[in-house]
Amino acid sequence: MRKVFYKKMTSEITEIKLTENGFSLNETFGAKANLFKWNEINNIHFSENNENVIIEKSDKKFVLKNCNIGWYDLIQNVPLNFTNFDFAYVKNFIESLKPCKICGIVALNKNECIVCENVPWNSAMTETEIDYIKTKQLDFYSESINEKREIKKIAEPEHGFKADKNWKLYI
Ligand SMILES: [Zn+2]
């Protein structure tokens, strides 16, 4: 799987990874992972603005932000027995996302892509749509290009988001 590090996230220290019976919080710079098991969690719910998830254990509370890597994967994998968790919100949110023509991930939310953070082309822009997408793809994949890594021509699901089968790479 291609690994996308969201630009915003490079300053974030936490990566959430699902495990067999829970998830882990990993600090980016090598510190030990913090393991969570679902059966040790008393409550899991969204903050009022739905941008954070609050995890309550018997002795501690943890706040996971939507800019943490893996957050969108986590919210789609909360076990159904957490009845305070807003499963309907998650379903509606994921279904409301549109495909991003730049990175190929179905992650366009309110006119900005959660994964590549670009806005889609619109007719008020001076360049053509293809030129715009090409410029943004060159920018998004600049690291892979510099390191001469192959860029996949077919988008693959990432971090809990679906991929767009009709996506095109123009570079
Ligand atoms: Zn995108």
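**Notebook: a two-domain chain with a zinc site**

I counted the secondary structure of the chain first and got four helices and nine strands. The model I am reading is a predicted one. I then wrote down the order of the elements from the N terminus, which is β-β-β-β-β-β-α-α-β-β-β-α-α.

**Overall dimensions**

I looked up the box that the C-alpha atoms fill along the principal axes, and it is roughly 55 × 35 × 25 Å. The chain has 171 residues, and buried residues make up 41% of them. I also checked contacts between residues at least 6 apart in sequence: 45% of these join residues at least 24 apart.

**Domains**

I noted the division of the chain into domain 1, residues 7-92, and domain 2, residues 97-171. Their C-alpha centres are 26 Å apart. Where the two domains touch, domain 1 gives seven residues to the contact and domain 2 gives seven residues.

**The three-stranded sheet**

I followed one open sheet of three strands, ordered S4-S5-S6 and paired antiparallel. Which strands stand at the edges? They are S4 (41-46) and S6 (61-65); each has a single partner strand, so one side of each has no neighbour in the sheet. On average, neighbouring strands here are turned by 20° against each other, direction ignored.

Next I took the pair S5 and S6. Strand S5 covers residues 52-57 and pairs with S6 in the antiparallel sense over five bridges. A hairpin of three residues joins S5 to S6. I looked up two of the partners: asparagine 52 has lysine 65 in S6 as its bridge partner, and isoleucine 54 stands opposite valine 63 in S6.

I then read the side chains along S6. In general, side chains of a regular strand alternate between the two faces of the sheet. Which residues of S6 point to the buried face? Phe62 and Leu64 point to one face and are buried, while Lys61, Val63 and Lys65 point to the other face and are not buried.

**Tyrosine 89**

I picked tyrosine 89, which is in helix H2, residues 87-96. Is tyrosine 89 buried or partly exposed? Its relative accessibility is 24%, so I entered it as partly exposed, given that buried means under 20%. Leaving aside neighbours within four places in sequence, I found tyrosine 89 in contact with Phe46 and Asn50. Phenylalanine 46 is 43 residues away from tyrosine 89 in sequence, yet their C-alpha atoms are 9.6 Å apart in space.

**The zinc site**

I listed the protein donors of the zinc ion: the SG atoms of Cys100, Cys103, Cys113 and Cys116, at 2.3 to 2.4 Å from the ion. What is the spacing of the donors along the chain? I wrote it as C-x2-C-x9-C-x2-C.

I checked the geometry as well. The angles among the four donor atoms are 103 to 118°, and the site is tetrahedral. Cysteine 103 sits in the loop between strand S7 (98-99) and strand S8 (106-109), and cysteine 116 in the loop between strand S9 (112-113) and helix H3 (129-140), so this pair ties together parts 13 residues apart in sequence. Last, I looked up the burial of the pair: both cysteine 103 and cysteine 116 are buried.

How values were computed: Residues are numbered from 1 along each chain as its sequence is written. This is a predicted model: local features need pLDDT of at least 70, side-chain atom pairs count only at pLDDT 80 or more; totals for chains, interfaces and linings use all residues. Side-chain values use heavy atoms; hydrogens and water are left out. Donors are N, O and S atoms within 2.8 Å of the metal (3.2 Å for Na, K and Ca); water is not among the atoms, so sites may look incomplete. Four donors count as tetrahedral if all angles lie between 85 and 135 degrees; four count as square planar and six as octahedral if opposite donors are over 155 degrees apart and all others between 65 and 115; anything else is irregular. Buried means under 20% relative accessible area, exposed over 50%, partly exposed in between (1.4 Å probe, protein chains only). Two strands pair if DSSP finds at least two bridges between them. Axes are lines fitted to C-alpha atoms, for helices over the stretch in contact, and angles run from 0 to 180 degrees between N-to-C directions. Domain bounds come from an automatic or database domain assignment. Contact means heavy atoms within 4.5 Å.
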